[in-house]
Amino acid sequence: MAKKSSVEKNNRRQKMTKNAAPKRARLKAIIADKTKPMEERFAATIKLAEMPRNSSATRIRNRCEVSGRSRAVYRKNKMSRIALREFGSKGLIPGLVKSSW
């Protein structure tokens, strides 16, 4: 089980990213628009840099929904390899069969 502080920190980042996404998208559109004056684009760059770093989507870490583990997480199932194997062995994941030979 991962530290609760790490899991909560990631949850805060997800909320912050969701709230700041429209503003970040507007600023990035202004920056990418080559028809706008250079001063306006530069001002948008500064505003984007002043935003909290945790509001960026790249700061979010994929974590296991069951254990909170941050490594070896399958995106489709949102579970780590360890939790996936446990649930698969118990037959709780439809379509997943544990192979053995």
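Me: Is glycine 68 buried or exposed?
Reply: In this predicted model, glycine 68 is buried, with a relative accessible area of 6%.

Me: Where does glycine 68 lie?
Reply: Glycine 68 lies in the loop between H2 and S1.

Me: And which residues is glycine 68 in contact with, leaving aside its neighbours within four places in sequence?
Reply: The contacts of glycine 68 outside that window are Ala2, Val7 and Arg63. In addition, the C-alpha atoms of glycine 68 and serine 6 are separated by 8.4 Å, although these residues are 62 apart along the chain.

Me: What about asparagine 10, where is its place?
Reply: Asparagine 10 belongs to helix H1. Its relative accessibility is 4%, so asparagine 10 counts as buried.

Me: Which residues does asparagine 10 touch, not counting those up to four places away in sequence?
Reply: Asparagine 10 touches Arg59, Ile60, Arg61 and Arg63.

Me: Staying with H1, how does alanine 20 count, buried or exposed?
Reply: Alanine 20 is another residue of helix H1, which covers residues 4–32. It has 11% relative accessibility and therefore counts as buried; the cut-off for buried is under 20%.

Me: What is alanine 20 in contact with, beyond four places in sequence?
Reply: Met51 and Ser55 are the contacts of alanine 20 there. The C-alpha atoms of alanine 20 and proline 52 are separated by 9.2 Å, with their positions 32 residues apart along the chain.

Me: Then lysine 4, is that buried or exposed?
Reply: Lysine 4 is also found in helix H1, but with 67% relative accessibility it counts as exposed. Its C-alpha atom is separated by 34 Å from that of isoleucine 46, which is 42 residues apart along the chain.

Me: Let us turn to helix packing. At what angle do the axes of H1 and H2 cross?
Reply: The axes of H1 and helix H2 (residues 38–50) cross at roughly 150° and come within 8 Å. The crossing is left-handed.

Me: Which residues make that contact?
Reply: From H1, the contact uses Arg24, Leu27, Lys28, Ile30 and Ile31. From H2, it uses Glu40, Arg41, Ala44, Thr45, Lys47 and Leu48.

Me: How many of them are nonpolar, polar and charged?
Reply: By class, the contact of H1 with H2 has five nonpolar residues, one polar residue and five charged residues.

Me: Where is the place of asparagine 54?
Reply: Asparagine 54 is in the loop between H2 and S1. At 24% relative accessibility, it counts as partly exposed.

Me: What is asparagine 54 in contact with, leaving aside its neighbours within four places?
Reply: Asparagine 54 is in contact with Arg13, Met16, Thr17 and Arg59. By contrast, lysine 36 is 18 residues apart from asparagine 54 in sequence and 28 Å apart in space, C-alpha to C-alpha.

Me: On to H3: which residues are buried there?
Reply: In helix H3 (residues 81–90), the buried residues are Ala83, Leu84 and Gly88. Seen down the axis of H3, they fall within an arc of 130°, so they line one face of the helix.

Me: What is exposed on the other side of H3?
Reply: Arg85 and Lys90 are exposed on the other side of H3.

Me: And what covers the buried residues of H3?
Reply: The cover includes strand S1 (73–74) and strand S2 (79–80).

Me: Moving to backbone angles, what phi does glycine 91 take?
Reply: Glycine 91, just after H3, takes a positive phi of about 80°.

Me: Which residues other than glycine have a positive phi?
Reply: Alanine 72 is one of them, with phi near 55°. Lysine 78 is another, with a positive phi of about 55°. Most residues other than glycine have a negative phi.

Me: Where do alanine 72 and lysine 78 lie?
Reply: Alanine 72 lies in the loop between H2 and S1, and lysine 78 lies in the loop between S1 and S2. Alanine 72 has 38% relative accessibility and so counts as partly exposed.

Me: Lastly, what does the domain assignment give?
Reply: The assignment gives domain 1 (12–59) and domain 2 (61–94). The C-alpha centres of domain 1 and domain 2 lie 33 Å apart.

Terms used. Residues are numbered from 1 along each chain as its sequence is written. This is a predicted model: local features need pLDDT of at least 70, side-chain atom pairs count only at pLDDT 80 or more; totals for chains, interfaces and linings use all residues. Side-chain values use heavy atoms; hydrogens and water are left out. Helices (H or I, at least four residues) and strands (E, at least two) are DSSP runs, numbered from the N terminus. Buried means under 20% relative accessible area, exposed over 50%, partly exposed in between (1.4 Å probe, protein chains only). Contact means heavy atoms within 4.5 Å. Axes are lines fitted to C-alpha atoms, for helices over the stretch in contact, and angles run from 0 to 180 degrees between N-to-C directions. A crossing is left-handed if the near helix is turned anticlockwise from the far one by less than a right angle, and right-handed if clockwise. Ala, Val, Leu, Ile, Met, Phe, Trp, Tyr, Cys and Pro count as nonpolar, Asp, Glu, Lys and Arg as charged, and the others, Gly among them, as polar. The arc is that of the directions from the helix axis to the C-beta atoms. Domain bounds come from an automatic or database domain assignment.
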